[in-house]
Protein chains: 2
Amino acid sequence: MAEHVGSGGAGGESLLFLTDEQIRKGIEAMYFAYRGFTADPDRILENYAYGRAHHRALHFVNRSPGTTVNNLLALLGVTKQSLNRVLRTLIDDGLVESRVGASDKRERNLFLTEAGAALEAEVSEAQRARVRAAYRAAGPDAVAGFRQVLEAMMEPELRTHYQAFKEGGA
Amino acid sequence: MAEHVGSGGAGGESLLFLTDEQIRKGIEAMYFAYRGFTADPDRILENYAYGRAHHRALHFVNRSPGTTVNNLLALLGVTKQSLNRVLRTLIDDGLVESRVGASDKRERNLFLTEAGAALEAEVSEAQRARVRAAYRAAGPDAVAGFRQVLEAMMEPELRTHYQAFKEGGA
DNA sequence: CAGTTTATGTCAGCCTTGTTGACATTCCAA
DNA sequence: TTGGAATGTCAACAAGGCTGACATAAACTG
């Protein structure tokens, strides 16, 4: 199973970064880093009796105002029952507004209320602060590599969604 | 809140990679990539009625044979009760062996059995295959940056554990 | 227009994996 | 030797995934 790598080829193109040991370390790095990545939002949301699921909903509604429930389902990869529970509490608590679709009245267009936007900003800024610090410490070239590897690691369908945001963004 | 960045400074040291927009994209990349990262192990473990928690336990016991429960707790960041449940099933199913500590009989030293090592190898190879493909697609320089940013993103305590593995490894 | 498909919401119940609390065992130090 | 700290286990609960079943309304199709 273990791939045949390790002998630095001719032309200085060493493949040592593809050894199982290097890849195991990358896996551990990903696992530990992801915990840091979610730690600050988790801590903040605890004060509001919300969890990671609420954070994800707030994030993507903020990212794509007016998005539909179905659209969100594709992004989040959960069942509608699961998403509905989270969305229900956010709507009942006045953080998300759900408007009947203009052209297609079956759809619901989702928006953050002022309060929702405020919470999203608070949580998001905490998370961005950590990522910003990591970016600054690692430098622009490292960040480019970081983004490149992450993109290559995504499931193709999610990569498409990601790239759509990438275009749409700035 | 948003940091004062964006004006490319003198000397070609542009800080555009620190804009909120770039950081938001990094956050999304991290989220989508982590789902890819866990997808293959999850799929395999489903067949054995195990979950992600079992995977983590197998991984770290394999990584540090003879480790104690307490040690594992520090690595995994869950309560001992939560870990115990997972460990219990793995021991009962004959994947992990728990030996009473030699010097301190309160401790338990954990090892993978042959069956445990086999499952660990199967799951691990699936995960490594995806990471390997991503590494290969991105290239060695990108991988170095990837690792650097991840390390900077970890909580300090976990970074220490991570670096200990890094030394001990290969 | 009748029938089907699509988008959404909801109820009920289950599973995994977190949590706290209570408790037994073992070790160590006063 | 006795009390406290460390280690591990059992019980019960909560969050947030899941499936299945079903209702409604709107859109689409023949």
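**Note on the two protein chains and DNA strand C**

1. Among the residues of chain B, Phe146(B) is the one that comes closest to the rotation axis, its C-alpha lying at 1.8 Å. The model discussed here is a predicted one.

2. The axis in question belongs to the operation that superposes chain B on chain A, a rotation of 179° with 0.0 Å of shift along the axis, which leaves an RMSD of 0.2 Å. This is the relation of a two-fold axis. Of the interface residues of chain B, 100% are also interface residues in chain A, so the copies meet through the same surface.

3. DNA strand C has 23 residues around it, and those that come nearest are Asn70(A), Lys80(A) and Arg106(A) together with Arg56(B) and Arg85(B). Of the atoms of DNA strand C that come within 4 Å of the protein, 57% belong to sugar and phosphate.

4. Sorted by class, the surface near DNA strand C comprises 11 charged, nine polar and three nonpolar residues.

5. Two of the contacts to phosphate involve the protein backbone: a backbone N or O atom of Lys105(B) lies 3.0 Å from a phosphate oxygen of DNA strand C, and a backbone N or O atom of Val69(A) lies 3.5 Å from a phosphate oxygen of that strand. A base is also contacted, since the side chain of Gln81(B) places an N or O atom 2.8 Å from a base oxygen of DNA strand C. The elements giving two or more residues to the surface near this strand are α3 (69–76) and α4 (80–92) in chain A, and α2 (52–63) and α4 (80–92) in chain B.

Notes. Residues are numbered from 1 along each chain as its sequence is written. Chains are lettered from A and ligands numbered from 1 in the order in which they are written. This is a predicted model: local features need pLDDT of at least 70, side-chain atom pairs count only at pLDDT 80 or more; totals for chains, interfaces and linings use all residues. Side-chain values use heavy atoms; hydrogens and water are left out. A residue is near a molecule or strand if one of its heavy atoms lies within 4 Å of it. A polar contact is a pair of N or O atoms within 3.5 Å; within protein, one must be able to donate a hydrogen and the other to accept it, and residues adjacent in sequence count only if both atoms are side-chain atoms. Helices (H or I, at least four residues) and strands (E, at least two) are DSSP runs, numbered from the N terminus. Ala, Val, Leu, Ile, Met, Phe, Trp, Tyr, Cys and Pro count as nonpolar, Asp, Glu, Lys and Arg as charged, and the others, Gly among them, as polar. Copies are superposed by least squares on the C-alpha atoms of residues with pLDDT of at least 70 in both. Contact means heavy atoms within 4.5 Å.
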